[in-house]
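Biologist: Please take a close look at one helix packing in this model. I would like to know how the two helices sit against each other and what else they take part in.

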Amino acid sequence: MHHSTASQHDRWKHLYKVMSKPGPHCDEDWTPGSAIIDMLESTKVLGAGGLGCEILKNLALSGFKDIHVIDMDTIDISNLNRQFLFRQSDIGKPKAEVAAAFVEKRVKGVRITPFVGKIQDKDEDFYMQFKIIICGLDSIEARRWINATLIGMVDPENQESLKPLVDGGTEGFKGQARVILPTLTSCIECQLDMHAPRPAVPLCTIATIPRQPQHCIEWAHQIAWQDKRKDDPFDSDNMEHISWVYHAALERAQHFHIAGVTFQMTQGVVKNIIPAIASTNAVIAASTTSEVLKIATGCNPYLNNYMMYAGEEGVYTYTFEAEKKSDCPVCGNLARKMDIDPDMTLGEFIESLGERAEAQLKKPSMRTEEKTLYQRFPPQLEEHTRPNLRLKLRDLVEDGEEIAVSDPAYTIDFRYRLVFK
Amino acid sequence: MLKIWSMKQQQAQAENAESAAGNKKKKVTAAQLRVQRDLQELTLGNTMKMSFPNPDDILNFTLSIEPDEGMYKGGVFNFNFTVNQNFPHDPPKVKCTQKIYHPNIDLDGNVCLNILREDWKPVLNLNAVIVGMQFLFLEPNASDPLNKEAADDLRNNREAFKRNVRSSMAGGAVRGETFERVLR
């Protein structure tokens, strides 16, 4: 008994050190001690997506005890080289469940609740229960979705509604970690421009003078196949097709004295796969989970707000503060308060919008969550909503209700919270 | 959890965006806002009309296409549009309400249009979709069929395909399948 308590303590020794003594960078108001450790252990966190194994292991070993994980994938044989919680016998089983069971067994006292499914299957009530969300998602779409959802949840009345989002992502030897405080800091949508689409090799390079083995594979895939096997639609899961492309690419590469075309590379190029690198995932997962630890406990300043990592040649990281975009369609679009006279008609209100300096909306359409107030186009909706122009605002909206206004003259939309004078 | 909340309150004061006391009001969703904008920017021309069974619900509507040229000229084709709350990340769902003879529309009304499926991107808008729908009636496409028989007819014998289109639009049968009368 005594022995197990001692070894338990040993396991958390280093964590306790950080939590029980102030450091040079910690906030003046921060009080180290057991209260912080209690808080850490009771903090409910959600991990989502592909960096799951690393993130789950790190959270559990950082002292979090109430961890939830959501992932829609099942275990594939190709995961086993780096997703160390999975074994051959787990192939085909849901990742979330296997990972949760493994970590629970290995780290005593941790509770991990798995959900098998898409993050999009869950609603605001689900996300509301967590303190912090940590994501290692594998697509931009999923990131945008969770970002917009968390920003939409922020309610100025309720401080629990603001959920810090820690996002990590990797691609080959590159990766990034970022901290997003919904509505306060730059969000994923603000930063979308930074994800440049993968540069496509111009077809002329592929068709005329290839320089890299990949160019030869693209040639075999896009040009030779069309030439020789036009009526046979290319299927990247068909081994015979890949093999045909591989041999065609190999022949072309030899002709141009280019080395390096392999079957695996062929498969990667035609399926547009960038190999996942275990060490990159480990670095990024470590970075994101330590941000979660810092945010949850306040033991040290957290990342402000973007860390990029490049591991192709040596190891390089750079940290900077991504700025909020004022015209961000997700976070730059929060409702502004507007005092209005409820006895004004909707028509008068629309006219007054044209006079407001910041808006100068000439042809606005507008609605509340429930009602289409006025919609200029298409004609059927215009006819239907035209009678509203003569109605008083108090008969159309509630005091404090939000309206959203679009105007073709502006690329952004406006949200106002109408407060009755 | 650090001073995140006090940061939020400072921001609220700075922007005068503090909330009125009381109940939380529903916010216009991102999907609604985007549809409101998309509707304003539609170009319907003479060949398309929209109707809204519930004008307060702009996420569900019907589009009627009346092609003024091509093989389907003279018909009126109705499509139900269902836009979900994940729009524009998800494409709208579009379904033909009539049983028609068309290589890219199956007998249940499912529509095969690249931008409604694999090529959908959030930068595309409703106008792109309705232009694509209109195009399906001007240039039915045999290479990516949903109605394989119709696609085979189009590929093998264009004249016979045209005759089939005419008779199906009049409510006739093609290869034993009876179609809905869609003539204006």
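Modeller: A crossing of two helices is called right-handed if the near helix is turned clockwise from the far one by less than a right angle, and left-handed if it is turned anticlockwise. The model is a predicted one. In chain A, helix H4 (residues 52-61) passes H12(A) in a right-handed crossing. The angle between H4(A) and H12(A) is about 40°, and their axes are 9 Å apart. Angles under 35 degrees count as roughly parallel, and 65 to 115 as roughly perpendicular; H4(A) and H12(A) are therefore oblique to each other.

On the H4(A) side, the residues that meet H12(A) are A:Glu54, A:Ile55, A:Asn58 and A:Leu59. H12(A) answers with A:Asn281, A:Ala282, A:Ala285, A:Ala286, A:Thr288, A:Thr289 and A:Val292. Sorted by class, this contact has six nonpolar, four polar and one charged residues.

H12(A) also has a part in the contact between the chains. That contact takes 47 residues from chain A and 38 residues from chain B. Helix H12 (278-297) is among the elements of chain A that each supply at least two residues of the side touching chain B; others include helix H7 (140-153), helix H14 (379-385) and strand E13 (414-420). H7(A) gives the most to that side, with five residues. By class, the side of chain A that touches chain B has 17 nonpolar, 13 polar and 17 charged residues.

Key. Residues numbered from 1 in each chain as written. Chains lettered and ligands numbered in written order. Predicted model: local features only at pLDDT ≥ 70, side-chain atom pairs only at ≥ 80, totals over all residues. Contact = placed C-beta atoms within 7 Å. Helix = DSSP H or I, 4+ residues; strand = E, 2+ residues; numbered from the N terminus. Nonpolar A, V, L, I, M, F, W, Y, C, P; charged D, E, K, R; others polar. Axes fitted to C-alpha atoms, helices over the stretch in contact; angles between N-to-C directions. Parallel < 35°, antiparallel > 145°, perpendicular 65-115°, else oblique.
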